[in-house]
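Here's a friendly walk through a structure you may not have met before. Have a look at the picture, then read on.

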Amino acid sequence: MKLKVVSKILDANERIAQENRKIFDDKKIFVINLMSSPGAGKTSLLEQTIKGLKDFAKIGVIEGDITGTDDAIRIDALNVPVVQINTGGGCHLDASMIQETLMELPIDDINLLFIENVGNLVCPAEFYLGEDIKAMVLSITEGHDKPLKYPMMFQQSKAVVINKIDLAPYLDVDMEKIRRDILSLNPTVAKFEISCKTGQGINQWTEWIKTNCLCRKH
Amino acid sequence: MHEASIALSLLEKVIEECINNGCSIIKSVKIEIGRASGVMPDALSFVFNAIKADTIASSASLYINEKMLTAMCNKCHKEFSTEENYIFECPHCNSNSFNILSGKELNIIELEVE
């Protein structure tokens with residue numbers, strides 16, 4: 001016998017993500033799913049962001065990595081609640097991993113949650129976790145060809161943070177091409193050019209979070 | 001290789017559907033995958049066929065219907081489609097602003113069960 005089904009293959013993930021979404025809304029937590037390739041500077045950006053926003057927001061962090069706790073240790077040093085997820089080889093976080101982790105976070109005392117996804121420019125964009133927005137980091141050492149090579153993540157992000165701009169004088173990187181290609185993929189994206197090392201541009205990024213994220217759930 | 005977790009979700013979902021309908025064997029599974037879903041049909045088939053052993057889907061054939069990417073331009077309001085996995089601009093007016101109409105699908109369409 002034939003059964004007409006018509007349901008989403010990722011139904012289970014979608015359902016759990018919606019449950020996460022409801023928890024975040026009930027608790028008035030704004031959630032940013034932070035994605036990039038490995039080494040682009042997600043954790044460095046979080047460190048800078050926490051320093052810039054700690055007087056304005058009650059921040060929590062979920063760290064996703066294949067293995068290890070290096071990132072969680074760095075965030076813990078800033079006295080912010082953090083939980084590390086190890087995917088054990090998995091290339092992305094999914095909604096159930098987040099749901100299990102929420103129980104370990106003091107969610108009544110958080111209003112801005114960062115989920116640092118596994119370093120990977122492809123798969124994390126496919127899995128909705130229940131977040132309010134996706135944001136991504138592109139470091140200029142990765143090369144100016146990356147937006148057009150990995151378009152999906154750039155198209156899905158509300159904000160793109162271009163990191164390591166202090167290195168621009170030493171690289172053969174075409175900054176104009178990066179800017180142009182990002183805007184062609186995503187005309188309404190918020191774009192920031194920063195250096196986590198020197199602190200340049202961090203202020204614009206944290207101000208944007210204050211205006212666009214923190215105000216949204218109060 | 002996120003096709004592995006997608007194949008696992010697919011297998012769990014079709015087994016659940018089969019059992020819920022009072023059946024015990026899955027003969028075939030028909031799904032649709034959009035060109036812009038980020039999923040490689042060959043990789044998904046490979047994993048599905050590897051993990052279906054020792055389940056009620058062990059003899060199930062997987063049929064994949066690929067869906068083209070179509071979009072509506074926000075500037076000239078014309079609809080267009082492409083064989084590519086991504087759209088960068090409207091082919092009629094070169095605008096970068098468009099809404100994707102299809103091509104993101106990752107759906108189960110039909111099961112053949114006994």
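What follows takes chain B on its own, then the place where the chains touch, and last a piece of chain A.

Keep in mind that this is a predicted model.

**Chain B by itself**

Chain B has 2 helices and 6 strands. Start at the N terminus and you'll pass them in the order α-β-α-β-β-β-β-β. What about its overall shape? The C-alpha trace of chain B spans about 55 × 30 × 15 Å along its principal axes. Its radius of gyration is 17 Å, while a compact globule of 114 residues would come out near 13 Å. As for burial, 32% of the 114 residues in chain B are buried. Looking at contacts in chain B with a separation of 6 or more, 72% of them link residues 24 or more positions apart.

Chain B also holds an open sheet of 3 strands, ordered 4-3-5, with antiparallel pairing. Why is one side of strand 4 and of strand 5 left without a neighbour in the sheet? Strand 4 (79–82) and strand 5 (98–102) of chain B stand at the edges and have a single partner strand each, so one side of each has no neighbour there. From one strand to the next, the twist averages 30°. Within this sheet, strand 3 of chain B is joined to strand 5 of chain B by 4 bridges, and B:Cys73 has B:Phe98 in strand 5 as its bridge partner.

**Where the chains meet**

Across the interface, 25 residues of chain A are in contact with 25 residues of chain B. On the chain A side, strand 1 (2–8), helix 1 (11–26), helix 6 (151–156) and helix 7 each supply at least two residues. Strand 1 of chain A gives the most, with 7 residues. Sorted by character, that side of chain A has 15 nonpolar, 4 polar and 6 charged residues.

Strand 1 of chain A also pairs with a strand of the other chain, namely strand 6 (residues 106–113) of chain B. In that strand of chain B, B:Glu110 is the bridge partner of A:Lys4.

**Strand pairs side by side**

| Strands | Sense | Bridges |
|---|---|---|
| Strand 1 of chain A and strand 6 of chain B | antiparallel | 5 bridges |
| Strand 3 and strand 5 of chain B | antiparallel | 4 bridges |
| Strand 7 and strand 8 of chain A | parallel | 4 bridges |

**A unit in chain A**

The last table row leads into chain A, where strand 7 (residues 159–163) pairs with strand 8 (residues 190–193). Here A:Val160 stands opposite A:Lys191 in strand 8. Together with helix 7 (residues 175–185), these strands of chain A make a right-handed β-α-β unit. You've met helix 7 of chain A already, as one of the elements supplying residues to the side that touches chain B.

Conventions: Residues are numbered from 1 along each chain as its sequence is written. Chains are lettered from A and ligands numbered from 1 in the order in which they are written. This is a predicted model: local features need pLDDT of at least 70, side-chain atom pairs count only at pLDDT 80 or more; totals for chains, interfaces and linings use all residues. Two strands pair if DSSP finds at least two bridges between them. A crossover is right-handed if, with the strands pointing away from the viewer, the path from the first strand over the helix to the second runs clockwise. The radius of gyration is taken over C-alpha atoms; the globule rule is 2.2 Å times the number of residues to the power 0.38. A residue is buried if 20 or more other C-beta atoms lie within 10 Å of its own, exposed if 12 or fewer, and partly exposed in between; C-beta atoms are placed from the backbone. Two residues are in contact if their C-beta atoms, placed from the backbone, lie within 7 Å. Ala, Val, Leu, Ile, Met, Phe, Trp, Tyr, Cys and Pro count as nonpolar, Asp, Glu, Lys and Arg as charged, and the others, Gly among them, as polar. Axes are lines fitted to C-alpha atoms, for helices over the stretch in contact, and angles run from 0 to 180 degrees between N-to-C directions.
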